[in-house]
Amino acid sequence: MVVPEQVVGGQDLAKRPRVLIAEDHPGVMKAVCRLLAMDCDVVGGVADGSIVVEAAQRLQPDVIVLDVNLPNVDSLEACREITRMNPTTKVVMFTAMNDAAVSQAFLDAGASAFVSKIRAEDLLSTVKRVC
C-alpha cells in the first residue's frame, strides 16, 4: 500500500496548524512548545515583542500564541496589527491575568481566544478550535 507523503502515522500533516509562539519566559516558552508540538507545527518562537509582527509576516503561521505582557511592545496593538495585516491568522492571547476588561479589549482588537497560563492545558484544544 502506498501512503501519500502528507500522511504520517495516520495523521494528515497538511492539517497540523502552524503556530508562532510569542512568550518572554524561557521555561514557559519551552513548555508551550512541547505541548503544542504534539499536534501542531511550531514554526517559531519570539521572546521580544519588537519582532512579533515581523515574525508573523515572515512565517505566516495559522495561529500566534501571544503573551499579553510581552516586553518591548504593546501586545494589544501588536494583536491589532497582526490581525489587520494577516486576517486569516488567529491570535490566541496567553496570560496569567484574569481580567474580563483586558480579555474583552484583546477580543475587540482581533484576538480569537484568551487562555490563562494557569490553565495552560487548555491551550492545545484552543489552538485546534480556532483553526
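This report describes a helix pair, the loops around it and an aromatic pair in a predicted model.

**Helices H2 and H3**

Helix H2 covers residues 52-59 and helix H3 covers residues 75-85. The two helices pack at an angle of about 20°, and their axes are 10 Å apart. H2 is therefore roughly parallel to H3, because angles under 35 degrees count as roughly parallel. The crossing of H2 and H3 is right-handed. On the H2 side, the contact is made by Val52, Val53, Ala56 and Gln57. On the H3 side, Ala78, Glu81, Ile82 and Met85 take part. Sorted by type, the residues of this contact are 6 nonpolar, 1 polar and 1 charged.

**The loops**

Strand S5 spans residues 63-67, and Gln60 lies in the loop between H2 and S5. The loop between S5 and H3 holds Asn72, and Leu70 also lies between S5 and H3. The table lists the accessibility of these loop residues.

| Residue | Loop | Relative accessible area | Class |
|---|---|---|---|
| Gln60 | between H2 and S5 | 42% | partly exposed |
| Leu70 | between S5 and H3 | 3% | buried |
| Asn72 | between S5 and H3 | 57% | exposed |

Two of these residues have a backbone angle to note. Phi of Gln60 is near 50°, a positive value in a residue other than glycine. Phi of Asn72 is also positive, near 65°, and Asn72 is likewise not a glycine.

What does Leu70 touch, leaving aside residues up to four places away in sequence? Its contacts are Ala22, Glu23, Asp24, Ala47, Asp48, Gly49, Val52 and Ser75. One of them, Val52, belongs to H2 and is part of the contact with H3. Leu70 and His25 are 45 residues apart along the chain, and their C-alpha atoms are separated by 9.2 Å. Leu70 counts as buried because its relative accessibility is 3%, and buried means under 20%.

**The aromatic pair**

A pair of aromatic rings is described by the distance of the centres and the angle of the planes. A search of the whole structure finds 1 such pair. The pair is formed by Phe106 and Phe114, with 6.2 Å from centre to centre and 45° between the planes. The arrangement is tilted, because planes under 30 degrees apart count as stacked and those over 60 as edge-to-face. Are the two rings' residues buried or exposed? Phe106 is buried, with a relative accessible area of 5%, whereas Phe114 is partly exposed at 23%.

Notes: Residues numbered from 1 in each chain as written. Predicted model: local features only at pLDDT ≥ 70, side-chain atom pairs only at ≥ 80, totals over all residues. Heavy atoms only, no water. Phe/Tyr/Trp six-rings, centres within 6.5 Å; stacked < 30°, edge-to-face > 60°. Buried < 20%, exposed > 50% of the residue type's maximum accessible area, 1.4 Å probe, protein only. Axes fitted to C-alpha atoms, helices over the stretch in contact; angles between N-to-C directions. Helix = DSSP H or I, 4+ residues; strand = E, 2+ residues; numbered from the N terminus. Parallel < 35°, antiparallel > 145°, perpendicular 65-115°, else oblique. Left-handed = near helix turned anticlockwise from the far one by under 90°. Contact = heavy atoms within 4.5 Å. Nonpolar A, V, L, I, M, F, W, Y, C, P; charged D, E, K, R; others polar.
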